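Take a moment with the sequence and the model below. Then read on for a short walk through the fold.

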Amino acid sequence: MKGKTVLVTGATQGIGKVTALELARMGASVAVTARDRARGEATAEEIKDKAGAAVELHLCDFASQADIRRFAAEFLAKHDKLDVLVNNAGAINMERRLTPDGIEMTFAVNHLGYFLLTHLLLPALEAAAPSRIVVVASDAHARGHIDFDDLMGEKSYAGFRAYGQSKLANILFTYELARRLDGKRVTANCLHPGVVATGFGRNDKSWLSYGIKLVAPFFLTPEEGAQTSIYLASSPDVEGTTGKYFAKSKEKKSNRESYDRDVQRRLWEVSEKLTGLDKPGT
């Protein structure tokens with residue numbers, strides 16, 4: 001990984017932090033995103049101490065499309081090439097909430113955030129080819145379904161259902177993206193990290209946060225959960241591999257709906273509209 005530039009989103013805790021740390025230890029030049037400056041600076045300092053390498057910190061709130069666009073412009077002003085993008089930031093909300101853009105929060109952060117940022121950074125990824133896009137999804141997608149008639153949960157909302165839909169969207173996006181990037185030497189793969197003991201879910205002040213604290217001792221450690229992300233970002237074994245779903249660093253089948261090309265295409269088109277990427281000049 002020496003000489004490579006890597007960006008890991010949502011890296012102030014859990015598998016994102018471990019992924020950034022281990023890639024820095026391999027010699028990569030690592031950039032990370034954080035919502036909170038203090039936590040971001042503490043993470044960057046910790047990685048520097050452990051890896052012996054400086055980490056570039058960027059602030060970004062993935063609930064805000066304006067902030068994603070600002071961050072992407074800031075990153076591209078510093079880097080004309082990006083070797084690896086690890087889309088890791090994520091959230092779950094047991095109660096329906098809207099972003100500043102008027103979009104349901106879980107769908108916006110977990111799917112549209114990845115979709116928009118990846119598109120904005122594609123010039124740098126293509127300039128660095130062969131390069132890689134790694135998307136952190138989840139086996140929670142297996143119970144998910146893309147409800148095009150109620151994507152925003154306006155008719156009926158349930159936290160786990162919204163989360164499963166967003167993780168299925170991650171996989172559909174990855175498969176469609178891989179196909180659209182065919183021949184450009186930019187690969188796109190997604191993964192299930194396992195059930196990991198991180199700060200995930202604790203942003204939601206509900207019974208979920210309390211329940212996660214109770215069962216956390218039975219979860220994988222962040223170090224264990226980050227292994228597949230690290231593998232897809234760095235291993236020569238997957239050089240040229242694209243459009244696949246992985247768990248425990250091995251290729252795995254995703255659910256039946258994830259392979260439906262009509263659903264992939266329709267979600268892509270809807271996502272373009274929701275992020276404004278369907279407009280000329282964007």
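The largest cavity is lined by Phe62, Ala63, Ser64, Gln65, Ile68, Asp101, Ile103, Ala108, Leu112 and Gly113. This is a predicted model, and the space in that cavity comes to about 40 Å³. Which helices each supply at least two residues of the lining? They are α3 and α4, the latter spanning residues 105-127. Helix α4 gives the most, with three residues. By class, the lining divides into six nonpolar residues, three polar and one charged.

The structure holds two cavities of 30 Å³ or more. The second largest has about 30 Å³ of space. Pro130, Ser131, Arg132, Arg185, Thr187, Val238, Glu239 and Gly240 line this second cavity. Here the classes are two nonpolar, three polar and three charged.

Now turn to the sheet. Strands of a sheet pair through backbone hydrogen bonds, in a parallel or an antiparallel sense. In this model, eight strands form an open sheet, and their pairing is mixed. Their order is β3-β2-β1-β4-β5-β6-β7-β8. Which strands sit at the edges? They are β3, residues 56-59, and β8, residues 250-252. Each of these edge strands pairs on one side only. From one strand to the next, the twist averages 25 degrees.

Look at one pair within the sheet. Strand β5 covers residues 131-136, and strand β6 covers residues 186-192. The two pair in the parallel sense over six bridges. Follow one bridge: Ile133 has Ala188 in β6 as its partner.

Helices lie across the strands. Helix α3, residues 65-78, lies across β1 (5-8), β2 (29-34) and β3. Its direction is at about 155 degrees to β3. Helix α3 also supplies at least two residues to the lining of the largest cavity. Helix α5, residues 159-180, lies across β5, β6 and β7 (245-247). Helix α5 runs at about 160 degrees to β6.

Helices pack on each other too. Helix α1 (residues 14-25) and helix α2 (residues 37-51) pack at an angle of about 35 degrees. Their axes are 9 Å apart. The crossing is right-handed. From α1, the contact uses Lys17, Ala20, Leu21, Ala24 and Arg25. From α2, Thr43, Glu46, Ile47, Lys50 and Ala51 take part. How do the residues of this contact divide by class? Five are nonpolar, one is polar and four are charged.

Terms used:
Residues are numbered from 1 along each chain as its sequence is written. This is a predicted model: local features need pLDDT of at least 70, side-chain atom pairs count only at pLDDT 80 or more; totals for chains, interfaces and linings use all residues. Side-chain values use heavy atoms; hydrogens and water are left out. Two strands pair if DSSP finds at least two bridges between them. Helices (H or I, at least four residues) and strands (E, at least two) are DSSP runs, numbered from the N terminus. Axes are lines fitted to C-alpha atoms, for helices over the stretch in contact, and angles run from 0 to 180 degrees between N-to-C directions. Contact means heavy atoms within 4.5 Å. A crossing is left-handed if the near helix is turned anticlockwise from the far one by less than a right angle, and right-handed if clockwise. Ala, Val, Leu, Ile, Met, Phe, Trp, Tyr, Cys and Pro count as nonpolar, Asp, Glu, Lys and Arg as charged, and the others, Gly among them, as polar. On a 1 Å grid over the protein atoms alone, a cavity is a set of points where a 1.4 Å probe fits but cannot get out, and a pocket is an open set with protein on both sides within 12 Å along at least five of seven lines; lining residues have an atom within 4 Å of a point. Grid points are joined across faces, edges and corners, and a volume is the space filled by probe spheres set on the points.
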